[in-house]
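Visitor: Before we begin, I would ask that each term be justified as it is used. Please show me the structure first.

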There are 2 protein chains.
Amino acid sequence: MEEKEISQAVISRLPRYFRYLGDLKDEGIERVSSQELSDIMKVTASQIRQDLNNFGGFGQQGYGYNVGYLYEEIGKILGLDKEHNLIIVGAGHLGQALVNYMNFERRGFIFRGVFDCNPEIHGMKIRGIEVQPMENMEVFVKENNIDIAVLTIPKSGAVAVAEQLVAYGIKAIWNFAHVDLNVPKEIQVENVHLSDSLMKLSYNLASRDN
Amino acid sequence: MEEKEISQAVISRLPRYFRYLGDLKDEGIERVSSQELSDIMKVTASQIRQDLNNFGGFGQQGYGYNVGYLYEEIGKILGLDKEHNLIIVGAGHLGQALVNYMNFERRGFIFRGVFDCNPEIHGMKIRGIEVQPMENMEVFVKENNIDIAVLTIPKSGAVAVAEQLVAYGIKAIWNFAHVDLNVPKEIQVENVHLSDSLMKLSYNLASRDN
DNA sequence: ATGGAACTGTCAATTCATTGACATAATTTT
DNA sequence: AAAATTATGTCAATGAATTGACAGTTCCAT
């Protein structure tokens with residue numbers, strides 16, 4: 001299906017297209033041109049056409065794009081038509097916040113288990129999911145066909161736990177720990193470094209002041 | 001101080017340099033060359049030198065870079081030598097997780113207040129900070145010299161609240177709501193769209209499978 | 001039906017980002 | 001003290017991403 005490698009710059013923009021198309025769909029709008037989308041999203045129409053064309057011709061000359069169809073197609077490209085089984089490793093505030101955020105499940109990302117090394121919270125339930133000790137992880141991952149692990153533990157343990165998870169057969173890691181993981185390149189890692197993001201904000205704030 | 005505009009690509013890499021330099025400093029290492037850093041960080045030495053040179057010559061030919069000095073300087077560039085006063089708007093799980101995450105304070109980002117529209121949690125304390133009703137926001141922002149607002153509310157209310165915050169004098173918004181804010185360009189916005197990040201992971205997972 | 005307007009898909013041009021190369025300077029070794 | 005080594009800062013070359021332009025197709029009004 002995928003013939004040429006598509007740049008991460010393009011991939012990063014897909015979720016935003018998806019979101020805007022979802023909004024248009026909810027408003028009952030059936031068709032949209034690259035120029036109209038351009039106006040709403042504040043990107044060039046050329047970029048929109050270029051981006052979409054990486055995946056095929058979804059539009060029609062003289063008409064534009066069918067909102068519902070394009071929305072579905074981008075969803076498929078993003079793999080949202082398939083279910084993913086997730087575990088959370090680290091049941092701190094952030095881990096709990098993610099489990100409690102329902103919208104991920106709507107998109108097919110199902111939280112199956114939560115793990116933590118703190119014995120005091122073992123057995124505690126987060127949205128019905130019981131917190132388990134780390135020792136259970138290996139069996140759980142294998143038995144429940146888990147493909148994505150969400151890492152919300154402190155940086156000190158993260159690298160080692162990531163390696164364990166890979167050994168257990170995980171395919172992708174959504175990494176909130178503030179450290180770069182060292183895993184084989186076929187394992188997909190998506191980093192969310194919140195403090196990096198805040199520092200960037202801080203820089204822009206400071207630089208705008210002079 | 002800033003003469004030429006520096007690209008966001010460069011800015012985005014600064015926090016990572018800062019992190020690695022901090023680690024080296026903690027290990028007691030005093031000097032580092034761009035080549036050594038390159039090996040550790042898995043980026044080209046040329047990029048490191050190019051990036052740093054946007055801000056001045058921190059190194060010395062034949063010697064390399066002094067770790068402690070460079071760490072300090074990057075910290076200053078990122079504005080981490082100054083204190084910032086923050087409020088959280090939206091005391092849900094994510095908002096609470098952020099307040100509880102101590103490391104931000106270590107970098108000079110001080111949470112001064114938490115606001116939420118749900119009356120049931122007004123008066124509740126999160127790490128000693130009382131949750132206040134939204135109506136208090138205007139006075140609080142003005143009296144406490146708040147410059148950064150953290151938006152952790154659902155997308156439905158986010159755009160309107162952002163406009164209010166701007167009117168109250170806020171300078172920057174760290175936006176976790178899954179919507180693009182509409183604020184004047186002098187207001188700095190840093191978006192953290194978690195579901196976009198997860199969708200990107202999902203794409204890469206799917207595309208690696210074929 | 002026919003003509004004009006509205007669009008896409010795509011090629012080419014441009015702009016932006018990254019990498020490579022090297023002159024020059026400080027350091028270390030002999 | 002001189003030679004050899006190391007390593008920066010910067011210019012030029014390359015590569016990637018974005019934008020502009022337009023041929024060709026479809027839609028819509030008359």
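Guide: In this predicted model, Ile126(A) has Ile129(A) as its bridge partner in S7(A).

Visitor: What makes strand S6 (residues 125-126) of chain A and S7(A) paired strands?

Guide: Pairing requires at least two bridges between the strands. Two bridges join S6(A) to S7(A), so the requirement is met. These two strands run antiparallel. In their hairpin two residues lie between the strands, and Arg127(A) there takes a positive phi near 50°.

Visitor: How do you know that strand S5 (residues 109-116) of chain A pairs with strand S7 (residues 129-133) of chain A?

Guide: Three bridges join S5(A) to S7(A), and the criterion asks for at least two. The two strands run parallel, and Val114(A) stands opposite Val131(A) in S7(A).

Visitor: Turning to chain B, why are S5 (125-126) and S9 called edge strands of the sheet?

Guide: The open sheet of chain B has seven strands in the order S5-S6-S4-S3-S7-S8-S9, with mixed pairing. S5(B) and S9(B) each have a single partner strand, so one side of each is left without a neighbour in the sheet. For S5(B), an antiparallel pairing over two bridges links the strand to S6 (residues 129-133) of chain B. Ile126(B) stands opposite Ile129(B) in S6(B).

Visitor: How do you know that the two copies are related as by a two-fold rotation axis?

Guide: A turn of 180° and a shift of 0.0 Å along the axis lay chain B on chain A with an RMSD of 0.0 Å. The copies are thus related as by a two-fold rotation axis. The same surface serves both, since 100% of the contact residues of chain B recur in chain A.

Visitor: Why is the contact of Glu190(A) with Lys200(B) called a salt bridge?

Guide: The closest N and O atoms of Glu190(A) and Lys200(B) are 3.9 Å apart. The cut-off is 4 Å, so the pair qualifies. Between chain B and chain A the count is eight salt bridges. The interface also holds 16 residue pairs in polar contact.

Visitor: Which element gives the most to the side of chain B that touches chain A?

Guide: H9(B) does, with 14 residues. That side divides into 29 nonpolar, 15 polar and 15 charged residues.

Visitor: What is the area buried between chain B and chain A?

Guide: The buried area is about 5500 Å², and carbon and sulfur atoms give 64% of that area. The contact takes 59 residues from chain B and 59 residues from chain A.

Technical notes: Residues numbered from 1 in each chain as written. Chains lettered and ligands numbered in written order. Predicted model: local features only at pLDDT ≥ 70, side-chain atom pairs only at ≥ 80, totals over all residues. Heavy atoms only, no water. Least-squares fit on C-alpha atoms with pLDDT ≥ 70 in both. Contact = heavy atoms within 4.5 Å. Buried area = accessible area lost by both parts, 1.4 Å probe. Salt bridge = Lys/Arg side-chain N within 4 Å of Asp/Glu carboxyl O. Polar contact = N/O pair within 3.5 Å; in protein donor to acceptor, adjacent residues only side chain to side chain. Helix = DSSP H or I, 4+ residues; strand = E, 2+ residues; numbered from the N terminus. Nonpolar A, V, L, I, M, F, W, Y, C, P; charged D, E, K, R; others polar.
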